[in-house]
Amino acid sequence: MTDYLSLSATEARAALDSKKISSVELTTAYLGAIEETAGLNNYVAVTADKALEMAAASDARIGAGEGGLIEGLPVGVKDLFCTKGVASTACSNILNGFTPPYESTVTANLWREGGVMLGKLNCDEFAMGSANETSAYGPAINPHQAADGVNLVPGGSSGGSASAIAARSALLATGTDTGGSIRQPAAFCGVVGMKPTYGRCSRWGIVAFASSLDQAGPFTRTVADNALMMEAMASYDAKDSTSAQTPLQDLSGAVGKGVKGLKIGVPSEYVMDGMDSDVVRLWEQGQEWLKAAGAELVEISLPHTKYALPAYYIIAPAEASSNLARYDGVRYGQRVEADTLDEMYGATRAAGFGDEVQRRIMIGTYVLSAGYYDAYYLKAQRVRRLIRDDFDAAFGKVDAILTPATPSAAFAVGRKVDDPVTNYLNDVFTVTANLAGIPGMAVPAGVNQDGLPLGLQVLGRPFDEATLYSVGQVLEDAADFSAVPALRAGGAS
Amino acid sequence: MSVDKSTVAKIARLARLHVADDRQEAVASELNGILDWIAELNEVNTDNVEPLASVTGHALPLREDVVTDGDYIDDILANVPETAGGFFVVPKVVE
């Protein structure tokens, strides 16, 4: 019997083309995997009937020799993407029951290329979080477990996406990344996650968090799968005024090209106090791997790195407070009745938004309010330019940059944190790419002392995703990452 | 720049987010924690640095000012909490 769940996307695509398997068989296996791993809470809705319908249609198209890039491959969709006729809530109570009458551009692209929709994936509420613990549906669980059997967070905000890929309950999954929300969970779950250049994927139909930072991207098990899904997701879209017309490179062709002659930057500022020693060891190991494959390592400086997170925690909440003004109980979503319009707004929003979302709305409103705008918001935007300038200078000397993806491995679900800033530090290595608008990829590269996945991050020039896929494949080959999650579908063996 | 209880009330009002009186003290303390951390930015000299609002590198595209979309009232009203006669219904705002 074919072991459907162990096929990579590129393998499954080839098996479908040669009629060794059908999409209905593959999709049925994945629907079974979702049921088997339901305890991970990584899906918030399963669209089984729709999946089987789409799979049958894919089989017909393949039969007619018309298959798209990801024809017949099962896809999980982060609940931040609006999907026509399927509830889309951004994992927030305020959007409970919201059923979009339209389809996001990214998911429309995926269905046009033959993707089969499995369901909607858990995430932090409005993508605000780094552990998937702010979701109105409760936390998603990392399929990897600590030796003591304690449940670990999958990271966030795209925690359900990373968890489902690692658990083999999705073959491909969408995510969004505003400060690290694809790359950090990818690292925590031992999967590949890509945040492309700002403007590469359309933001149309994705619930907005911080519009100048939000980008959609793919989660997959391998670098080659990731390139394939990225090619299916990306497009120029007139409905997103920040969408880029720069042509997409041949990403699948870049996989396997190697790194011979490439200059790889190693930024001295990406070392933090209290950083896990395993993370430092793995970063050095990654540098050795690239050198052995023919790359030249170049020490670089990104001097404003330490100011990226504080700048982000002004800019992102400011944009969020503005974007989330639309949830007012009038046009869609939940409403709490009250005697006056203002009381209705205030009560609706207090009841519908969770604590972290309310905290960020308050911070954002404060930094934009009269008298504070210059001191906070404009100051942060000036620092943002300095961070972008750091990267511009670095990319004058190197082709890509290698950093750790996260300062530690996944931590326990429900760990007590008194200070919200502690949680924010998870994104210290990823947030700079969002502020600068450059692409970044997390590749699983090893494990820590407890056997938990750790990732490396590769950063590149704007619109040069291809180089990241070349570097990513070399890291994947050298690392030969083989940590098997305890809680994955089809058994742990 | 420290946030006190009355600032919390003012911000909550601007954000149309009800914060109960007995929560305002706690919210102020949380916001101050975050703002103290953000104050690190004051170490950075940003004289003569222009604010960066967009990283796209291209100007916002323009198009003809013509109607390109619309005529689906039912779709727009499909998720409305309360509707009557093709309108959104809100509490009375004019006496």
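## Close-up views of chains A and B

**View 1. Strand 3 of chain A and its neighbours.** A:Ala45 has A:Lys120, a residue of strand 3 of chain A, as its bridge partner. Please keep in mind while looking at this and the other views that the model is predicted. The pair belongs to an antiparallel arrangement, in which strand 1 (residues 43–46) of chain A is joined to strand 3 of chain A by three bridges. Strand 2 (residues 74–78) of chain A also pairs with strand 3 of chain A, this time in the parallel sense and over five bridges. Within strand 3 of chain A, A:Leu121 is the residue that stands opposite A:Lys78. Strand 3 of chain A covers residues 116–121, and six of its six residues are buried. Helix 4 (residues 105–112) of chain A completes the scene: together with strand 2 and strand 3 of chain A, this helix makes a right-handed β-α-β unit.

**View 2. Strand 10 of chain A, with strand 5 and strand 11 of chain A as pairing partners.** How much of strand 10 (residues 440–447) of chain A is buried? Seven of its eight residues are, which leaves the strand mostly covered. Strand 5 (residues 192–195) of chain A runs antiparallel to strand 10 of chain A, and three bridges join them. Look here for A:Met194, which stands opposite A:Met441 in strand 10 of chain A. Strand 11 (residues 453–460) of chain A is also antiparallel to strand 10 of chain A, with seven bridges between these two strands. In that pairing, A:Gln457 of strand 11 of chain A is found opposite A:Ala442. Strand 10 and strand 11 of chain A form a hairpin with five residues between the strands, and A:Gly451 in this hairpin takes a positive phi near 80 degrees.

**View 3. Helix 7 of chain A, mostly covered.** This helix takes in residues 223–233 of chain A, and eleven of its eleven residues are buried. Among the buried residues are A:Val223, A:Leu228 and A:Met233. The buried residues also include A:Asp225, A:Asn226 and A:Glu231.

**View 4. A:Ile314 in the largest nonpolar core.** Which members of this core of 172 residues touch the most other members? They are A:Val75 and A:Ile314. Helix 10 of chain A supplies the largest share of the core, ten residues. Leaving aside residues up to four places away in sequence, A:Ile314 touches A:Val367, A:Tyr376, A:Tyr377 and A:Ala380, as well as B:Ile38 from chain B.

**View 5. Where chain A meets chain B.** The contact involves 55 residues of chain A and 37 residues of chain B. On the chain A side, the elements giving two or more residues are helix 10 (308–323), helix 11 (341–352), helix 12 (355–368), helix 13 (373–394) and helix 14 (420–424). Helix 13 of chain A gives the most, with ten residues. By residue type, the side of chain A that touches chain B holds 28 nonpolar, 15 polar and twelve charged residues.

**View 6. Chain B, with three helices and two strands.** Starting at the N terminus, the order of its elements is α-α-α-β-β. The radius of gyration of chain B is 22 Å, well over the 12 Å given by the globule rule for 95 residues, so chain B is more spread out than a compact globule. Its C-alpha trace spans about 55 × 45 × 25 Å along the principal axes. Of the 95 residues in chain B, 18% are buried. One residue to find is B:Ala9, in helix 1 (residues 5–14) of chain B. B:Ala9 counts as partly exposed because 15 C-beta neighbours lie inside 10 Å. From B:Ala9 to B:Ala20 is eleven residues in sequence and 9.0 Å in space, C-alpha to C-alpha.

**View 7. Some backbone details.** Between A:Gly156 and A:Ser157 the peptide bond is cis, with omega near 10 degrees. A:Ser157 sits in the loop between strand 3 and helix 5 (159–167) of chain A. A:Asp480 is not a glycine, yet has a positive phi of about 45 degrees. You will find A:Asp480 in the segment after helix 16 (465–479) of chain A. Is A:Asp480 buried or exposed? With 8 other C-beta atoms within 10 Å, A:Asp480 is exposed. In chain B, B:Asp71 is a residue other than glycine with a positive phi, near 65 degrees. B:Asp71 lies in the loop between helix 2 (21–38) and helix 3 (73–77) of chain B. B:Asp71 counts as exposed, because 6 C-beta neighbours lie inside 10 Å.

Key: Residues numbered from 1 in each chain as written. Chains lettered and ligands numbered in written order. Predicted model: local features only at pLDDT ≥ 70, side-chain atom pairs only at ≥ 80, totals over all residues. Contact = placed C-beta atoms within 7 Å. Helix = DSSP H or I, 4+ residues; strand = E, 2+ residues; numbered from the N terminus. Nonpolar A, V, L, I, M, F, W, Y, C, P; charged D, E, K, R; others polar. Buried ≥ 20, exposed ≤ 12 C-beta atoms within 10 Å, placed from the backbone. Rg over C-alpha atoms; globule rule 2.2 N^0.38 Å. Core = buried A, V, L, I, M, F, W, Y, C linked by C-beta atoms within 7 Å. Pairing = 2+ DSSP bridges. Right-handed = clockwise from strand over helix to strand, strands pointing away.
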